[in-house]
Amino acid sequence: MKISVKLMVMLGTRMVNESFEEEVAEGTTLEKLFQQVDGSKRFKKKYFKEILAAPRPPVVLLNGNRVEVPEELGEKLNEGDEVSVVSPIAGG
Amino acid sequence: MGAKGYMGKVMWVDLTNGTIKREDVPDEVYRKFLSGYGLGAKMLFDRINPGIDPLGPENILGFCSGLLTGVGSVFTGRFEVVAKSPLTGGWGDANCGGDLSPAIKKAGVDAIFFTGISPKPVYLVVDGDKAELKDAARVWGKDAVETEELIRKQLGDDKAKFKLATIGPAGEKKALIAGISNDRGRYAARSGLGAVMGSKKLKALAVKGEQKIEGANPEAIKTLTKEFQKGLKSADFLGKVLSSRIVNIAGIMTRVSPLATAQPGTLWCQILKKFGTAGITAMSSESGDSPVKNWGGSGHHDFPLARASKIGDDAAIKYQVKKYGCYSCPISCGGICEVKEGPYPLSETHKPEYETLCAFGAMCLVDDLQAIYKLNDLCNRGGVDTISCGAVCAFAIECVENGILTKQDVGGLDLGWGKAEALIKLTEMIIARQGIGDVLADGVKRAAKKIGKGAENFAMHAGGQELPMHDPKLDPGYGLAYEVEPTPGRHTIASGTWQELMLVHRYSKDADKVKQMKSHKERLSPRGKAKNQAVNSKVLQLANGSGVCLFGLGCGPKFPLYEYLNAAAGWSLDEDQFLLIGERIETLRHAFNVREGITRKDMKMQGRASGNPPLPRGPHKGVTLDMDTMAKEFYQEFGWDFESGKPSKERLEKLGLDEVIKEFYG
């Protein structure tokens, strides 16, 4: 099944802004999705591992609604789901 | 008399009769209130009677430099404008970077206060020891930037030695969302202080001087600056060299390196350096930091990343031709921009801040970057606060959407979400006070009252001040500040975010250690937030008494605030004594409001902001904040009565605020 993923995070001095579709197996969880993308050759770096290990965890949204990190990363995905991972920066 | 960082004098300008005098200020006042808005609060509390008209002659408008400005410290170039606010009816202040603050001190004073109302438009020229009021007939009606240019011409100031503060037409017309411009578009925007300046028929001040500003221990200041900058450079090094790995290894580093404990601040600093505050625009829309569609929408659904990215980070700096830094700033988060393409060309304009990009972007669902640049430039020239202007535009759109305002009411404009061209026209009408613009120019609270028909449901404010662009449902600390700080609806004082960026426990041994891996549920819990929020607030009072930029406090290495102040003023105060000064300034500003009859219930945010009713979808789906519990704990931290707002007599005695004891306890 196809999952739509949006990644917008600040890593060091780099702004990573990527939107893509990922084909995953039935029953895939959010955590598995992130591992799958990191393990693929889509990006040179393991972006999801990096951002999920940050001192402040990212904001993760499933179909626009908040998912608690890391507690709810076992949430199973469905065809056509939209996943957003965003840096939790709020200042300015 | 040895050097002490401050000048020990203030200037009083009586606009009614044109007299100007300098007044000595006892050392004791600086020791108790610092300079900046601490000094301003002391002057205004003592000399303003409660109940006066903020736009009348009795109001006092002050431009206050910071105690640390010019002594050799970094991040210390901000000036504070103070007055009774016509927008909130209580204490008003707004600070700005730019270049005015050192000029005030070089002219030999720490602050310039204006009283009365001039019989005709004037501007003040201070040139060292000399000061005079000049006829402003030729600049009255001109925009804020043009005014700066024309006054420089009149003064023969081709080398830009004078530093200016000006108002645009909105300030002249006493629009309550008007601010005060410096350096062609930096803004002391909030509290409606541009209207106070306009009410006094004071178009501008132009200040220069040659007096030396020196601290008691310049060598110590030099060492502190060197060490702090070393910390900043190390953070740069980490950011550039380790790049993506920086975040990954942060967990290890926090155990071994003091620098790494500043991790969130280090990232923030990198964003500021690269993009300015514009860097967070797209992320904030998606994460739920940005209010969307006048606080009724969700970024993911209504202003998704594909649209938000058109106005943030890389896109937002597309037109930047050079970076801009305020006085004594080592990171330069500002930018000078030029737009050569599209329907709204601009030859020179300041880069829009995040607040502006969000206020017209996510709030009004506009993803046309050139239009937002134009709106930003219009506001900067016309002299209105971009936050309030964006908020009042979003309010108007929602009123139209709900049939409360008709097309005829809005002058035939095709007002709707995302309709940038109509917003540009509406902003011009606000600045000129034309048609519906006349109603909107006084902010959403007053506009809703005039319009009626349930418009108050869409008026997003706290205490009359339009809410800033940070949703408390992501960070409830912002909401707490919006409701309990003497300047309601302010995002630059205290929040969970600022505590994390500052690592606020570094400023007080009594603060709880900032916990980074906090779950969102923990963040939303109303209890146990007040202690660190209070420390955060007290530190900010000290910063605003010293001219310190908030970003300097949260950019990685610990800002040596206490050490700088001791070295500048020749004091030997410890952390507790400094925090007591912070509490004193906060309590005096709060007491100003209490004396005006303002209580907490007058400062509450419009319900939608705290999730009442909760949003049906998005990152804040179903979230309702318990603001009263949070506020009650905050009041307890400061010894303020929750109902009346009065500080306890015991606490006032501890603070040595005899002027407040006299007022409330006889």
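**Packing and sheet architecture in chains A and B**

Ile598(B) sits in the loop that links α27 and α28 (627–638) of chain B. The model is a predicted one. Ile598(B) has a relative accessible area of 14%, under the 20% limit, and therefore counts as buried. Leaving aside residues up to four places away in sequence, Ile598(B) touches Thr88(B), Gly89(B), Gly90(B), Asn593(B) and Met603(B). Glu355(B) lies 243 residues from Ile598(B) along the chain. The C-alpha atoms of these two residues are separated by 27 Å.

Gly89(B), one of the residues touched by Ile598(B), belongs to a hairpin turn. The hairpin is formed by β4(B) and β5(B), with 6 residues between them. In this turn, Gly89(B) has a positive phi of about 80 degrees. The two strands run antiparallel and are joined by 6 bridges, with β5 of chain B spanning residues 91–96. Val81(B) has Ala94(B) in β5(B) as its bridge partner. Strand β3 (residues 61–64) of chain B also runs antiparallel to β4(B), through 3 bridges. Here Cys64(B) is paired with Glu80(B) of β4(B).

Strand β4 of chain B covers residues 79–84, and 6 of its 6 residues are buried. Burial extends to both faces of β4(B). One side carries Phe79(B), Val81(B) and Ala83(B). The other carries Glu80(B), Val82(B) and Lys84(B).

The largest nonpolar core has 190 residues. Phe113(B), Phe395(B), Leu553(B) and Leu561(B) have the most contacts inside it. Helix α17 (residues 386–401) of chain B gives the most to this core, namely 10 residues. Another core, of 30 residues, lies apart from it. Its members include Phe79(B), Ala103(B), Val196(B) and Val207(B).

Leu561(B) belongs to helix α26 (residues 561–569) of chain B, which is mostly covered, with 8 of its 9 residues buried. The buried set comprises Leu561(B), Tyr562(B), Tyr564(B), Leu565(B), Asn566(B), Ala567(B), Ala568(B) and Ala569(B). Gly570(B) follows just after α26(B) and takes a positive phi of about 75 degrees. Beyond residues up to four places away in sequence, Leu561(B) touches Leu68(B), Tyr507(B), Val539(B), Leu542(B), Ala543(B), Ser546(B) and Val548(B).

Val539(B) and Leu542(B) also take part in a helix–helix contact. Helix α24 (residues 530–546) of chain B packs against helix α27 (residues 575–595) of chain B at an angle of about 85 degrees. Their axes are 8 Å apart. An angle from 65 to 115 degrees counts as roughly perpendicular, so α24(B) is roughly perpendicular to α27(B). On α24(B), the contact is made by Ser537(B), Lys538(B), Val539(B), Gln541(B) and Leu542(B). On α27(B), it involves Phe578(B), Leu579(B), Ile581(B), Gly582(B), Glu583(B), Ile585(B), Glu586(B) and Arg589(B). By class, the contact of α24(B) with α27(B) has 6 nonpolar, 3 polar and 4 charged residues.

Chain B also holds an open sheet of 3 strands, in the order β13-β14-β15, with antiparallel pairing. β13 (320–324) and β15 (346–350) each have a single partner strand, so one side of each is left without a neighbour in the sheet. The twist averages 20 degrees from one strand to the next. Strand β14 (residues 334–339) of chain B is joined to β13(B) by 4 bridges. Gln320(B) stands opposite Cys337(B) of β14(B). Helix α16 (residues 369–382) of chain B lies across β14 and β15 and runs at about 70 degrees to β15(B).

In chain A, 5 strands form an open sheet with the order β2-β1-β5-β3-β4 and mixed pairing. β2 (14–23) and β4 (65–67) of chain A are the edge strands, each pairing on one side only. Neighbouring strands of this sheet are turned by 20 degrees against each other on average, direction ignored. Strand β3 (residues 59–62) of chain A runs antiparallel to β4(A), with 3 bridges between them. Leu61(A) has Arg66(A) in β4(A) as its bridge partner. Helix α1 (residues 30–39) of chain A lies across β1 (2–11), β2, β3, β4 and β5 (82–86) of that chain. This helix, α1(A), runs at about 110 degrees to β2(A).

Notes:
Residues are numbered from 1 along each chain as its sequence is written. Chains are lettered from A and ligands numbered from 1 in the order in which they are written. This is a predicted model: local features need pLDDT of at least 70, side-chain atom pairs count only at pLDDT 80 or more; totals for chains, interfaces and linings use all residues. Side-chain values use heavy atoms; hydrogens and water are left out. Axes are lines fitted to C-alpha atoms, for helices over the stretch in contact, and angles run from 0 to 180 degrees between N-to-C directions. Angles under 35 degrees count as roughly parallel, over 145 as roughly antiparallel, 65 to 115 as roughly perpendicular and the rest as oblique. Contact means heavy atoms within 4.5 Å. Ala, Val, Leu, Ile, Met, Phe, Trp, Tyr, Cys and Pro count as nonpolar, Asp, Glu, Lys and Arg as charged, and the others, Gly among them, as polar. Two strands pair if DSSP finds at least two bridges between them. A nonpolar core is a set of buried Ala, Val, Leu, Ile, Met, Phe, Trp, Tyr and Cys residues joined through side-chain atoms within 4.5 Å. Buried means under 20% relative accessible area, exposed over 50%, partly exposed in between (1.4 Å probe, protein chains only).
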